[in-house]
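Thanks, everyone. I will walk through a few local features of this model and keep to what was computed from its coordinates.

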Amino acid sequence: MNDTLAMILAGGVGSRLNILSYWRAKPAVPFGGIYRIIDFTLSNAANSGIENVAVLTQYKPLSIMRHIGTGEPWDLVGRTRGVKILPPSQGRKDSDWYQGTADAIRQNIDYINNYDSPHVLVLSGDHIYQMDYRKIINYHKEKKADVTIAMLVIHDLEEAKGFGIAITDAEMKIIDWEEKPQQPRNNLASMGVYVFKKEFLLQALKEVRGDDFGKHIIPYCLADKEVRLYAYPFDGYWRDVGTLRAFWAANMDLLDKKSGLDLDNWQIMTSLQEANQIADSPPTYIGPGAEVKDSIISPGCEIHGTVLRSILSPGVYVGKDSRILNSVIMHDSMIGDNCLLNEVIADKSITIESNCQIGVGPGKNVNQKFPDHVNTGLVIIGKLARVPAGTTIGRNCIIFPNIEASVYPGKFIEDGETIMARDSIEKGGLLFT
Amino acid sequence: MNILAMILAGGRVDELSVLTLNRPKSAVPYGGVYRIIDFALSNLMHSGIDLVGILSQYRSSSLIHHVGTGASWDFIGRKRGAFILPPSKGTISSDWYRGTADAIYQNLDFIDTYQPDRVLILSGDHIYKMNYGDLIRFHEAHNADLSISFVQRPEAEASRFGLARFDVSADDQGGPLVGYDEKPEKPVSNWASMTIYLFNTAVLREVLHLCIDKNMAHFGRDIIPRLIGNYRVFGYKFKGIWGYTQTLDEYWSANMALLKSEPEIDLKKWQVRTNLANGNIRDRIPSHFDSQAKIENSLIYNGCKVSGQVTNSVIFPGVVVDADAEVKDSIVFYDSVIEKGATLTKVIADVGARIGPNVQIGIGAADRPNVRYPDLLKSGITIIGRDTEIPASVQISKNCIVAPSLKATQFNKNVYHTGEYIE
């Protein structure tokens, strides 16, 4: 399908993912064992036959750039196919950082004009969903729309509160819009997926001063009755994994056949060529006495203990008599003997020495430093961090990236505590200012 | 120094029975995700040799798919490359490769294109980790014309190999050869040829021209014994593990040997690479274990779905083990399905086999060898050919071979006794 150009917004900071996005942009956060979040959007585009994809980066783009590479894993290579990374660049003003979603597209009008495609599909690289974009594009053409917005059909109105909500007429033309309403008037929530008629997009970006699709472009469309702004209802699996709880739950959805997230029927592709990726991984070895149930296991692991309701990325080691429960453990992490992990999200290359208990306790406190991020019992362990032997860690705790054993105040870390070094904030400064 | 590698990958190895019916030995799956040729290719990659010709003859298509562009082993770039070299018609109307030396001889024009200083001739059939750089340094230090790599094997099986007789001056590293005997009835030493030959290109060319005219087509049988005394022929002593899997028993054991925390053949340490695009391995999702799954002491890669029980087994991508099914001491190739209640004991199931509900394979005693391969299949292994469908509740005893591509309707009885060949 070369009549539609896809633009993926992949610059988001994703600050609520806390230390998971300390090293990388949110779309590059690992997901589901071998994937990164952006693989879902990229694969949706590739599976929908879209031939040209641009990925707009801004915040910590290195992992995304390395991950996308030539685009070959998504078959976005060839005479007419391609994927381009579009970072901010200096323009007429001194510093032209992307000011918002619409501004990011506005700064890349040159790129859009390079192609003859009459339609532009604007996507976000932050969401876990499986969607055939051909359907919304065909709908957009049938409606002769200027703009079509994919709207998730929400079954429990309570959940609609955090979204942009569309109010439509019988023809699905959007006649009103509410941004994060207290009492939603409709159950159609914006998924951040827009199909634009190219001419209309260019005109709107020129005439609107604001920088955001939701806040500025949609009101511009609504202001003019002649503008054909349509809602496309989508009643499938879609998750904004913007919070740690949502990120964890979406991982767990992979273990639930009824969740609607089904990797068997809509292929998600990923790059296997990055460092530490599965291209170099041997098969997983599951040892005598091990138990693995209700779990997803990537290649290159070695399991001697018990793994229940968990997701393991490539290269994870689980020692004897250890129990991993309800957890997401990322690449090359090492868990020693006789440990218990419950509801833990562990980033890459962490080391948990033997005889540790993590995620145990009544969970009486939310995280004291980041009460908005970690408050449902999860324990988050940052990349390359180490937990010294015999440590007990309560719930709602955060262990910062790179933490060494010497930083721990003792063998008992209570509910809601955060382990960080003097320079942790400094190093993660960008994220927490 | 400019080195070109040539991998002899065309041999069928009849002893592996139905496993090599549709593929050469080098393309036989091994270790949960690999093909045997991956070991030679990965050794080349790690040794920094990045120009390789792969000589295939028997059923080349699986090799052609597997090697692909060569990018998996980094053989891609302006001066790098992996090329499949099948036999082609030449001045004689049919120029099938008549032997190892003839295969190289017929590709001298390929070698000449690159004008290498040395040609490293390998076999694609062996499982081992070797830095060819060590052999090359040995070769140069001795100013050799030909260096051959040898490994120590137990006396009892030495007569299966080409054997070196070292000069008294040979040390721990190796030394000049005073003799070479191809598969002698009485072993002359326990240093067995790994069929790894490093030739000075000029010598190789000269020797091949001389020998091929006299119908001497094999390096081991015809050529090497005649070179000793006339050229500087050296033997290099390799100290690592060398997996030789020319029989079904050896093949099965070499897989089972991987089922340890730190096996001798350490796939992780060896950094063996394979082509994940072959068979769409890379597009498969991580393996899923459901709430009834029970898996112990086994290897498993991506794309499997396990609900039943798997013990002491090697499971390739895409295998499904349904609830109440039991797989024990077995090797199950890509995309085979073991349905509800089926049991497999000491079975090698080839790609795409479908084992129906409540089928039992590998039961009974191994008291009779296989009728078709009495010498090769007597230790109790049962082989299921590629894409064969075994209907519900069939019982198959030990030492049986089930031919490839059988349909469920082609099974006319419910019980197959020890040693049958089912076709």
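In helix H8 of chain A, the buried residues are A:Leu244, A:Phe247, A:Trp248, A:Ala250, A:Asn251, A:Met252 and A:Asp253, where buried means under 20% relative accessible area, exposed means over 50% and partly exposed lies in between, with a 1.4 Å probe and protein chains only. That is seven of the ten residues of H8(A), so the helix counts as mostly covered by that definition. Helices here are DSSP runs of H or I with at least four residues, strands are E runs of at least two, and both are numbered from the N terminus. The cover over those buried residues includes strands S2, S13 (238–240), S19 (311–312), S22 (328–329), S25 (344–346) and S28 (379–381) of chain A, with contact taken as heavy atoms within 4.5 Å.

Before going further, I should say that this is a predicted model, in which local features need pLDDT of at least 70 and side-chain atom pairs count only at pLDDT 80 or more, while totals for chains, interfaces and linings use all residues. Residues are numbered from 1 along each chain as its sequence is written, chains are lettered from A and ligands numbered from 1 in the order in which they are written, and side-chain values use heavy atoms, with hydrogens and water left out.

H8(A) also appears in the lining of the largest cavity: helix H8 (244–253) and strand S2 (30–31) of chain A are the elements that give two or more residues to it. The search runs on a 1 Å grid over the protein atoms alone, where a cavity is a set of points that a 1.4 Å probe fits but cannot leave, a pocket is an open set with protein on both sides within 12 Å along at least five of seven lines, and lining residues have an atom within 4 Å of a point. There is one cavity of 30 Å³ or more, and about 40 Å³ of space lies in the largest cavity. Among its lining residues are A:Pro30, A:Phe31, A:Phe247, A:Asn251 and A:Met330, and by class the lining holds six nonpolar, four polar and no charged residues.

Turning to the strands of chain A, seven of them form an open sheet with parallel pairing, in the order S15-S18-S21-S24-S27-S30-S32. Strands S15 (291–293) and S32 (412–413) stand at the edges with a single partner strand each, so one side of each has no neighbour in the sheet; two strands pair if DSSP finds at least two bridges between them. Strand S30 (residues 392–393) is joined to S32(A) by two bridges and runs parallel to it, with A:Thr392 opposite A:Phe412. Elsewhere in chain A, strand S8 (residues 147–153) runs parallel to S12(A) and is joined to it by six bridges, and A:Ala150 has A:Tyr232 as its bridge partner. Five of the six residues of S12(A) are buried.

In chain B, which residue stands in the loop between strand S7 (127–128) and helix H5 (132–141)? I picked B:Lys129 from that loop, and at 31% relative accessibility this residue counts as partly exposed. Leaving aside neighbours within four places in sequence, B:Lys129 is in contact with B:Asn43, B:His46, B:Phe238, B:Ile241 and B:Trp270, and its side chain reaches the backbone oxygen of B:Trp270 at 3.5 Å.

Notes. Points joined across faces, edges and corners; volume = space filled by probe spheres on them. Nonpolar A, V, L, I, M, F, W, Y, C, P; charged D, E, K, R; others polar. Polar contact = N/O pair within 3.5 Å; in protein donor to acceptor, adjacent residues only side chain to side chain.
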